[in-house]
Amino acid sequence: MGAYDENNIFVRILRGDIPCDKFYEDEYALAFNDIHPKAPVHVLVIPKGAYTDLQDFGTRATAEEITGFYRAVSRISKDLGLEEPGFRAIINTGVNGGQEVPHFHVHILGGRALGPMLVRPA
Ligand code: 5GP
């Protein structure tokens with residue numbers, strides 16, 4: 001995906017330059033409601049470190065950052081009350097993945113049956 005953009009929208013949220021509707025924060029992760037929710041529950045979880053996407057995070061982040069981040073994702077899903085009857089986690093990656101914001105993030109979606117994983121284009 002190329003070099004990390006120091007002014008992407010999510011790092012500006014992390015810096016406190018732009019407000020967010022925060023749900024959770026710890027040393028490794030920040031979680032907030034998506035501005036354009038695609039389901040009754042739609043929370044974004046982002047790591048505190050500067051990583052562009054899933055690949056960047058998985059190759060450059062420390063074991064502590066990776067563990068801390070994914071533990072936060074699990075805790076947030078539980079705290080949102082989504083463990084039962086389930087939810088969907090999405091990580092869009094790169095151009096074909098439809099990633100718009102170049103700071104690694106996990107979408108957590110739930111609150112209703114979400115239907116098929118992918119909708120085929122007409
Ligand atoms: P992506 O397509 O990169 O996986 O998802 C980016 C997500 O960020 C989209 O669902 C979009 O609605 C959300 N988003 C973009 N800008 C903002 C913002 O300023 N605040 C919040 N809370 N969400 C945003």
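**Exercise 1. State which pocket the ligand takes up, and describe the shell around the ligand.**

Solution. The ligand occupies the largest pocket. A pocket is an open set of points on a 1 Å grid over the protein atoms alone, where a 1.4 Å probe fits, with protein on both sides within 12 Å along at least five of seven lines; a molecule sits in it if more than half of its atoms lie within 2 Å of its grid points. The model is predicted: local features need pLDDT of at least 70, side-chain atom pairs count only at pLDDT 80 or more, and totals for chains, interfaces and linings use all residues. Residues are numbered from 1 along each chain as its sequence is written, and side-chain values use heavy atoms, with hydrogens and water left out.

Next, consider the shell. Of its 16 residues, Asp34, Asn92, Glu100, His105 and His107 come nearest, where a residue is near a molecule if one of its heavy atoms lies within 4 Å of it. Seven residues of the shell are nonpolar, seven polar and two charged. Here Asp, Glu, Lys and Arg count as charged, and Ala, Val, Leu, Ile, Met, Phe, Trp, Tyr, Cys and Pro as nonpolar; the others, Gly among them, are polar. Helix H1 (9-15) and strand E2 (29-33) each supply at least two shell residues, and H1 gives the most, three.

**Exercise 2. Identify polar contacts of the ligand (pairs of N or O atoms within 3.5 Å).**

Solution. Begin with Asp34, which has a polar side-chain atom 2.5 Å from a ligand oxygen. In Glu100, a polar backbone atom lies 2.7 Å from an oxygen atom of the ligand. For His107, the distance from a side-chain N or O atom to a ligand oxygen is 2.8 Å.

**Exercise 3. Describe the chain and locate its cis peptide bond.**

Solution. The chain has four helices and five strands, in the order α-β-β-β-α-α-β-α-β. These are DSSP runs, with at least four residues (H or I) for helices and at least two (E) for strands. The bond from Glu84 to Pro85 is cis, with omega near 5 degrees. Pro85 belongs to the loop between helix H3 (63-79) and strand E4 (88-90).

Terms used:
Polar contact = N/O pair within 3.5 Å; in protein donor to acceptor, adjacent residues only side chain to side chain. 1 Å grid on protein atoms, 1.4 Å probe; cavity = no way out; pocket = protein on both sides within 12 Å on 5 of 7 lines; lining within 4 Å.
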